[in-house]
Amino acid sequence: MASIRFHIAVFSAKCTHLALRLMGRGATTLPGKIAAKIDPKILQKLCKGRDCVTITGTNGKTTTTHMITDIFRNCGYTVVTNVSGANLLSGVTTSMIFGMKDMKKAEKEGKKIICVLETDEAAYGKIACQIMPKVSVVTNLFRDQLDRFGELAHTRELIAKGLDSCEARILLNSDDSLVSELYHGREGRTVFYGLSEESMHYNNVTYPDRSGVLPASSDAEYCTGCKTKYTYTARSFGHLGAFCCNKCGKKRQSPRLFVKYDLSKNPSDEGYEISLCDGGANGDRASSEENTGLIEKRVKLPIPGMHNFYNSIAAVSACVCMGEKIGDTESLSFDNCAAALEHVEAAFGRMEKISIGDKKICVLLVKNPVGLDRALSFVAGASDAEGIYMLLNSNIADGKDVSWIWDVDFESKEFPEKVYVSGDRYGDMMLRIVYSGVDKSHIIAKPMEECADLLDQAISDSTPGKCLYILPNYTSMLALRSILVKRYHLKDFWK
C-alpha cells in the first residue's frame, strides 16, 4: 500500500504540472523534482514490479527510445516513456507519475505494459538502482560536454555503477571499443548488437568514397588495457568499427544482432533498405551461407542516415531481449519487432521532416563532434538539400566550450548553396564554415535574438519541394521548437 508521503508527492507534482501548463511551460522536470524532495523513493515505488527498459549513452538515446516505444506499441503494448527527452532523475520521475493513469487503465483492460525510459549517461548510476530495468541499452560513448561529464572513462564508470546496481540484460554496441568493455564481469547477461563486419569491410573496400572511413577519432584511439593503438579491419564512423589490439589481443565481440547494408546506395535517401539479422550464438559470423540459423529480415530504414543503422538494431534488440526476459517471444519475436520498425516516425530534432506550406524543413540535433560530422555527411548526401541553417549556443545544457566544432571535418563536406548561421555563438560557427572553404558571400549570419527572422528568411528563400536542413545544438533546438510552435502551429515538444 502506498504511503501518505507518496500520495502527497504525487499530488504536489500534479499541482506543479497544472500551474506550469497554465503558464505555457513544459512541466517536464519540476513536478518530478518536487515529488522526489517530498518522497526520495518515489521513482523506486513507481517502477516497482514494472517491466522497464532503459537507454543510455552519448548519441542516439532519444531516437532509440522513440523507436523502442513505437515497436512496443505496434506489438500491442501500452508504453510509458519520457516523450520530451527529459532524462535526468526529475524528468524520468515526472514521466512515471503522469504515466500512472495510462498504466491503471491498461491494467483494467488487461493490456500489457512496458516503461521505456531514456536516462542521462552521467546520471545513470543513480537512476538505474531505482528503476531496476529488465533490459538496459548502452548506445555509444563519444566526447561530449567535457565541462560537465569529464573524460569518457569517468562516464563509462558511472554507467558501470548503474549496471551493477540492477540485474538487467545488458545490450552493448559491439563496434564501440569503450562500450563493449562493459561486458567484463557481466558476461552472462550481455548481448551485443552492431553492424555486420562483412558489410563494413565490403563498403570500406568497394566504395571508399561512400564509406565515411576516417582515422579513428581521439575518443578511443588506443586500447584501454595496454595503451597500444587499435587497428581496424572495417569501420563505420568515429571510433566505431571492427577494432583489434595487436599487442594484448583485445578485439570487437561478434554481435548477436546486426545490420547488413550496402553503401552503393545513399542512406540519406528515404526508402533506403537494410537487413536486420539475428545470428544467434554465432553472431555476425552467421552471415556465411553454411550457417542455417541466421534470421534475416529486410526493412526500409524508418529514419534516414547511417547512424540510424545503430539506433534501429539497438531498438529491435531491446524489444526482442525484453520478449525473452518476460516470456513474450510471440508478440516480441524478431520478425514482429523488425516489421514494426518500419512504422517508426522521427522525434523532433532527430531527422523529423516538417512541411511548411509547399516547403520542408528537417531538424538534426548536433551536440558533439561525431554528431555534427554525421549530420553534415547526411546533408551532403541528401538529394533534396538546398539550404542549411546552423545554430550554436553555449548555455550550461550545451556545454560552455564550443571549441569542439574545430574537431569536425567540415573541409570534406559539400555544403548546400544557401548557408544560414545563428545562435549565441554564431560568430564562432561562421568562422569555422569560412575556414572550411565556403565563400563568405554565401553565408547569412544573425545573432540568436534574430534567429526567428532568419528562419523566416531561410524558409522564404527555399524552393518548393526542396528541404532546409537545420542543425541546432540543444538549447537552440528548444528555442527553435518554440518558434515553430508559435509561427507555424507545430505541437509542443512535450506532446
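A salt bridge here is a side-chain nitrogen of Lys or Arg within 4 Å of a carboxyl oxygen of Asp or Glu. Keep that cut-off handy, and keep in mind that the model on your screen is predicted.

**Stop 1: a first salt bridge**

Select Lys229 and Glu221. Their side chains meet in a salt bridge, at 3.2 Å from N to O, so the pair falls within the 4 Å limit. Lys229 is partly exposed, since its relative accessibility is 45%. The general idea is simple: side chains of opposite charge can pair when their charged atoms come close. How many salt bridges does the structure hold? The count is 27, and we'll drop in on a few others below.

**Stop 2: zoom out**

Show the whole protein chain as a cartoon. You should be looking at 17 helices and 17 strands. The radius of gyration is 22 Å, close to the 23 Å that the globule rule gives for 495 residues, so the chain is as compact as a globular protein of that length. Along the principal axes, the C-alpha trace spans about 70 × 60 × 40 Å.

Now switch on a surface. The accessible surface of the chain comes to about 20700 Å², and carbon and sulfur atoms own 51% of that. As for what's underneath, 57% of the 495 residues count as buried. If you like contact maps, here's a number to go with yours: among contacts between residues at least 6 apart in sequence, 72% join residues at least 24 apart.

**Stop 3: strands E10 and E11**

Select Glu273 and Arg298. These two form a salt bridge, with the closest N and O atoms 3.0 Å apart. The pair links distant parts of the chain: Glu273 belongs to strand E10 (residues 273–278) and Arg298 to strand E11 (residues 295–300), with their positions 25 residues apart. Are the partners buried or partly exposed? Glu273 is partly exposed, because its relative accessible area is 34%, and Arg298 is partly exposed too, at 49%.

**Stop 4: around helix H15**

Move on to Glu411 and Arg432, whose side chains meet in a salt bridge of 3.0 Å, N to O. This pair also bridges distant parts of the chain, 21 residues apart: Glu411 sits in the loop between strand E14 (385–391) and strand E15 (418–422), while Arg432 is in helix H15. Colour the two by accessibility. Glu411 is partly exposed at 44%, but Arg432 counts as buried because its relative accessibility is 3%.

While salt bridges are on display, select Arg169, Arg256, Asp278 and Glu324 as a group. Salt bridges with shared partners join these four into one network.

Then come back to H15, which covers residues 426–435, and pick Leu431. Leu431 is partly exposed, with a relative accessible area of 43%. Add Trp406 and Tyr435 to the selection: together with Leu431 they make a nonpolar surface patch of about 350 Å².

**Stop 5: the E8–E9 loop**

Next, centre on Arg252, in the loop between E8 and E9. Which acidic side chains does Arg252 reach with polar contacts? One is Asp175, at 2.8 Å between side chains, and another is Glu197, at 3.4 Å. Arg252 counts as buried, since its relative accessible area is 8%. Setting aside neighbours within four places in sequence, Arg252 is in contact with a list of residues that includes Leu195, Met200, Phe243 and Asp284.

Step along to Gln253, in the loop between strand E8 (241–244) and strand E9 (257–260). Gln253 is partly exposed, because its relative accessible area is 26%. The side chain of Gln253 makes a polar contact of 3.5 Å with the side chain of Tyr183. Apart from neighbours within four places, Gln253 is in contact with Ser174, Tyr183 and Phe192. For a distance check, draw a line from its C-alpha to that of Gly225, 28 residues away along the chain: you should get 16 Å.

**Stop 6: Ala86**

Finish at Ala86, in the loop between strand E2 (77–81) and helix H5 (89–97). At 12% relative accessibility, Ala86 is buried. Beyond its neighbours within four places, Ala86 is in contact with Thr28, Thr29, Gly91 and Val92. One last distance to draw: the C-alpha atoms of Ala86 and Ala35, 51 residues apart along the chain, are separated by 15 Å.

How values were computed:
Residues numbered from 1 in each chain as written. Predicted model: local features only at pLDDT ≥ 70, side-chain atom pairs only at ≥ 80, totals over all residues. Heavy atoms only, no water. Patch = residues over 30% accessible without salt bridge, like charges linked within 9 Å, V, L, I, M, F, W, Y side chains within 5 Å. Areas by Shrake-Rupley, 256 points an atom, 1.4 Å probe, with all protein chains shown as cover. Helix = DSSP H or I, 4+ residues; strand = E, 2+ residues; numbered from the N terminus. Buried < 20%, exposed > 50% of the residue type's maximum accessible area, 1.4 Å probe, protein only. Contact = heavy atoms within 4.5 Å. Polar contact = N/O pair within 3.5 Å; in protein donor to acceptor, adjacent residues only side chain to side chain. Rg over C-alpha atoms; globule rule 2.2 N^0.38 Å.
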